[in-house]
Amino acid sequence: MMEELRCIGCGAVIQTEDKSKPGYAPPSSLKNEQVICMRCFRLKHYNEIQDVPLTDDDFLRILNGLGTKQALIVYVVDIFDFDGSWLPGLNRFVGNNPVLLVGNKEDLLPKSVKRERMARWMRTRAKELGLRAQDVSLVSAERGRGFDELLEKIDELRNGQDVYVVGCTNVGKSTLINRIIKRATGESNVITTSQFPGTTLDRIEIPLEGGSTLVDTPGIINHHQMAHFIDTKTLKLISPKKEIKPITFQLNAEQTLFFGALARLDFVDGPRQPFVVYMSNQLEPHRTKLEKADQLYQTQKGHVLTPPAAENMEDFPELVPYTFSVREKADIVFSGLGWVSLPDGPAKIAAWVPKGGSVSIRQALI
């Protein structure tokens with residue numbers, strides 16, 4: 001029986017028959033020492049992602065397996081999109097296993113955000129969402145920051161057992177694991193990384209000291225993530241690459257801020273006050289009067305209001321409003337985009353997001 005070959009990029013079983021299925025590699029590549037599937041090859045060399053038919057059932061199967069094992073669960077979230085990258089019900093899947101909550105992309109946070117406060121806030125928010133984290137780590141997988149502390153915590157909490165790394169798509173999980181491997185072996189870019197959701201096809205196992213294993217699981221698709229409503233060009237625009245520089249707007253009641261055609265914020269009622277926008281600096285907010293907002297959206301989405309561009313608006317869901325009454329300082333969080341801070345309050349506002357997306361209110365971070 002032929003030994004099963006797996007792609008060193010995504011973990012899929014290598015096959016040479018069907019180009020449309022996971023793990024396809026041309027027969028000529030099988031003589032290479034390390035085999036990489038065509039999907040990973042295109043991703044690595046041309047930054048092109050090919051969708052792979054993994055169903056929600058596949059992801060549930062992977063998650064269901066976690067509670068049956070004795071292991072440390074390293075749960076990676078995107079600090080910049082904490083609630084958007086949260087996996088609802090993860091607490092049901094982890095069983096009695098300890099969880100290390102890792103906030104990635106800390107390099108995107110403005111320097112004015114105190115890191116200790118952020119870690120405390122993450123722990124509290126996780127508890128509110130039903131998950132008790134044993135410890136919290138803040139890292140930047142992209143810049144390699146915070147890894148000494150992360151590795152120490154993993155070693156301390158795993159107690160000689162296996163480590164499972166979980167998280168939803170687009171949180172930088174594979175980049176984080178690549179960093180860990182590089183530290184351990186000196187190899188770089190072992191796992192295919194990409195901005196686009198769904199890169200890891202099946203579990204990838206990395207040996208640790210003492211005979212245990214670090215297991216990378218596929219990114220779980222969270223259907224309310226903004227990444228699932230937009231094209232790849234728009235995703236690149238709204239995903240910050242460096243520290244966010246906040247923009248302040250002094251708004252009167254009955255004014256509206258548009259964030260491209262992706263979301264909008266209506267200041268319905270309240271005294272004149274600052275609205276501080278924490279989003280990718282490539283996304284320029286557009287201010288208008290509330291009475292003109294609906295008409296502006298209908299006539300200018302994809303034109304004055306971009307991204308997305310007009311040709312990508314056809315499949316974009318309609319925007320639906322959620323109303324909030326803010327009494328004191330708070331953040332209005334647009335999942336996948338960032339947040340708007342209201343340092344003063346009180347204010348009555350309506351936040352509009354794509355149907356199926358999410359918006360929430362939280363205690364101000366800054």
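This briefing describes a sheet, its strand S1, and two helices that touch the sheet or lie across its strands. The model is predicted. Six strands form an open sheet in the order S3-S2-S1-S4-S6-S5, and their pairing is mixed. In that order, S1 stands between S2 and S4.

**The sheet as a whole**
- The edge strands are S3 (135-138) and S5 (204-207), each of which pairs on one side only.
- From one strand to the next, the twist averages 20 degrees.

**Strand S1 and its burial**
- S1 covers residues 71-78, and eight of its eight residues are buried.
- In a regular strand, side chains alternate between the two faces of the sheet.
- On one side of S1 the buried residues are Ala 71, Ile 73, Tyr 75 and Val 77.
- On the other side they are Leu 72, Val 74, Val 76 and Asp 78, so that both faces are covered.

**Pairing between strands**
- S1 runs parallel to S2 (residues 99-104), and six bridges join the two.
- Within this pair, Val 77 of S1 stands opposite Gly 103 in S2.
- S1 also pairs with S4 (residues 162-166) in the parallel sense, over five bridges.
- Here Val 74 stands opposite Val 165 in S4.
- S2 and S3 are likewise parallel, with four bridges.
- Gly 103, which faces Val 77 of S1, also stands opposite Leu 138 in S3.

**Helices on the sheet**
- Helix H4 (residues 115-128) packs on the sheet and touches S1, S2 and S3.
- The direction of H4 makes about 135 degrees with that of S3.
- Helix H5 (residues 147-158) lies across S1, S2, S3 and S4.
- H5 runs at about 160 degrees to S3.

Definitions and conventions
Residues are numbered from 1 along each chain as its sequence is written. This is a predicted model: local features need pLDDT of at least 70, side-chain atom pairs count only at pLDDT 80 or more; totals for chains, interfaces and linings use all residues. Side-chain values use heavy atoms; hydrogens and water are left out. Buried means under 20% relative accessible area, exposed over 50%, partly exposed in between (1.4 Å probe, protein chains only). Two strands pair if DSSP finds at least two bridges between them. Axes are lines fitted to C-alpha atoms, for helices over the stretch in contact, and angles run from 0 to 180 degrees between N-to-C directions. Contact means heavy atoms within 4.5 Å.
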